[in-house]
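Q: Please take a close look at a single part of the model shown below. I should like it explained step by step, with each term defined.

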Amino acid sequence: MLARRCFPRHLHYPSNGVVSRQINVHLPPDSNLNSLCVNGRLKDALFAMAELGTEVSFHGYDTLITRCISLRALPEGQRVHAHMIKTHYRPNVYLETRLLIMYVKCGSLGDARMVLDGMPNRSIVSWTSMISGYSQSGLHSEGLELFLQMLRTGMTPNEFTFATVLRSCTGPCGLEHGMQVHSLALKNNFESHIFVGSSLLDMYAKYGKIHEAHRVFDMLSERDVVSCTAIISGYAQLGLDDEALDLFQKLFKDGMECNYVTFASLLTALSGLAALNYGRQVHGLVIRREIPFYVVLQNSLIDMYSKCGNLAYSRKIFDSMPERTTISWNAMLVGYGKHGLGQEVVKLFKSMREVKPDGVTYMAVLTGCSHGGLVDEGLNTFDCMLNEQRVKPDIEHYGCVIDLLGRAGRIEKAFNFIIDMPFEPTSAIWGSLLGACRVHANVPIGEFVFQRLLDLEPENAGNYVILSNIYANAGRWEDVSSVRQLMKEKTMMKEPGRSWINLDKTVHTFHSGDRTHPQKEEINAKLMELFVKIKEAGYVPDLSCVLHDVDDEQKERILLGHSEKLAIAFGTMHTSYSGTIRIMKNLRICVDCHNFAKFVSMVVPLADDDMLCLTESLPNISNISLKDDHITGSSEQKGDTSIPDYTS
DNA sequence: TTAGGGTTAG
């Protein structure tokens, strides 16, 4: 078009008797490089480049490098770079930066750094691209070091640089560095920039500074799906699940945009809350909004259903996945392990072919074996880990083996394993063995372990309680008194046991021996009714769970007052017997309450539907909708379109 | 030309 406009009008249309002049259009010699690249003929373009020799222009090189970047074509990119050197072409800052970016995108950081180091002049884009390369490869200290080097040259970072370098603020000194970068961002007026702010709040959340993270979030000049997801995820990753859910509901009401990452993060919070109803509705929302079921989201769903007690549904999702990552397998293995299905853990692990196990996989298998009582399988797995040497066991893996041996009653073997392991034992390791000493009544090792724990965490009341438990179990009531006296002197208080149940949007909390609930008489009557029924079914109270020197009748009474039993009795009073009673606890359940719950499940009849649900296919949950500021199920739907629940 | 959020374990 431009060339045409340059020609005088009279030369375009020769009139009769006038001989037209021959027009020669002078295109640059490398003009065909662009069309070759655009048409996907990179190899031909490179051949043309070689033929052209020194006649390749700035635009020609730019076209070639851009194509190499988009194709992540490293060898081809190297040929372009080599051609520049061979023909003594002197690229400008822009073109050298493009070369650097090509190496970064192709994962060749060493070459990228050589380009940067050889640049006589560098732009902010050159620096930022190199820092970004380091940050994306997890080379955080290199990224930070380069950032400092950049500052020393007097270069001022821009919003891209801040958003990038904040990702490198991780590890032991990351918070300190991050706060310094934050100061600099403030000075340059970038704190409220949406990309910089999102990185900042994410950095603070990852260090547990959730208030600072939220403050940055509130300061943002605008909000988008990434910044909203980052703050929700920040709460969820810290285990502040209620807060994550509340914030999601608020932002959702305000019209926040959601994508698969938002829902994956939200599902993490719902898993922590064991909030199956919300989890189901999020699943429904994902379907209704036609959010793509990327692997990350499916992994979150597997985890949510298993943590909410709906393991069969996790497996349905797992089996339906067209593609699985190691995390998908880990989530499923963890699910089986948490449900005590050790055999399933081992079976699934053995069938794991499509992806390689990682450290989390081994943790899941070892804990699964530990909870399922599969000692030999667990030890074999650990040996396998040592032999293969692909994943190096860390102290947590050793901890799992100690737990495995301890739970199985092999206390001395567990003790020797601790002594021989290549790590300094932590309080968690000794704590695991102390728990095993309580279960398997090993007083001498228990006393030794308690002394080690006294050195490591003298203020942990739980260790004193377990030791007193060990003494109580051995009938050494004087020692029990001594330990309790020691606790009193140190003014230690064990966190009291507490259970709660969510009924009709109200949370009912019970403490041990609670007599404060308005329905205490009915609860007590129901408790006695259940007690009689389960005793007939074979339940025998486990009096060893009582740590007081009282007679057996008194021990039974104390056991019956445990908060979870009160919550169970209350649940059966108000929940249809065909439904699930879901109780949350702040502490681990005692053995007697565990047995109590199992027997109650046996004597309280389930409706046939619950049993049938196990074999049902994925139900249609597209009718589930969001109403007002709460996520609720639609009351207008016909038939049962909810995801079935078979956890009772 | 350069940038931000994500799933499993403990």
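A: What follows describes the surface around the DNA strand and then one helix that contributes to this surface. The model is predicted, so local features need pLDDT of at least 70 and side-chain atom pairs 80 or more, while totals for chains, interfaces and linings use all residues. Residues are numbered from 1 along each chain, chains are lettered from A and ligands numbered from 1 as written, and side-chain values use heavy atoms, without hydrogens and water.

Around DNA strand B there are 48 residues, and Arg 167, Asp 224, Tyr 260, Asn 299 and Asn 330 come nearest; a residue is near if one of its heavy atoms lies within 4 Å. By class, this surface has 17 nonpolar, 21 polar and 10 charged residues (Ala, Val, Leu, Ile, Met, Phe, Trp, Tyr, Cys and Pro are nonpolar, Asp, Glu, Lys and Arg charged, the others polar). Of the strand B atoms within 4 Å of the protein, 50% belong to sugar or phosphate and the rest to bases.

Several polar contacts, pairs of N or O atoms within 3.5 Å, involve the bases. In the side chain of Asn 299, an N or O atom is 2.3 Å from a base oxygen of DNA strand B. Asp 224 places a polar side-chain atom 2.7 Å from a base nitrogen of the strand, whereas Ile 194 has a polar backbone atom 3.3 Å from a base nitrogen.

Helix 14 (residues 225-237) gives the largest share of the surface near DNA strand B, seven residues; helices are DSSP runs (H or I) of at least four residues. Helix 14 packs against helix 15 (residues 241-253) at an angle of about 160°, with axes 7 Å apart. Helix 14 is therefore roughly antiparallel to helix 15, a term for angles over 145 degrees between N-to-C directions of axes fitted to C-alpha atoms. In their contact (heavy atoms within 4.5 Å), Cys 228, Ile 231, Ile 232, Tyr 235 and Ala 236 of helix 14 meet residues of helix 15 including Leu 247, Phe 248 and Leu 251. This contact has nine nonpolar, no polar and two charged residues.

How values were computed
A polar contact is a pair of N or O atoms within 3.5 Å; within protein, one must be able to donate a hydrogen and the other to accept it, and residues adjacent in sequence count only if both atoms are side-chain atoms. Helices (H or I, at least four residues) and strands (E, at least two) are DSSP runs, numbered from the N terminus. Axes are lines fitted to C-alpha atoms, for helices over the stretch in contact, and angles run from 0 to 180 degrees between N-to-C directions. Angles under 35 degrees count as roughly parallel, over 145 as roughly antiparallel, 65 to 115 as roughly perpendicular and the rest as oblique.
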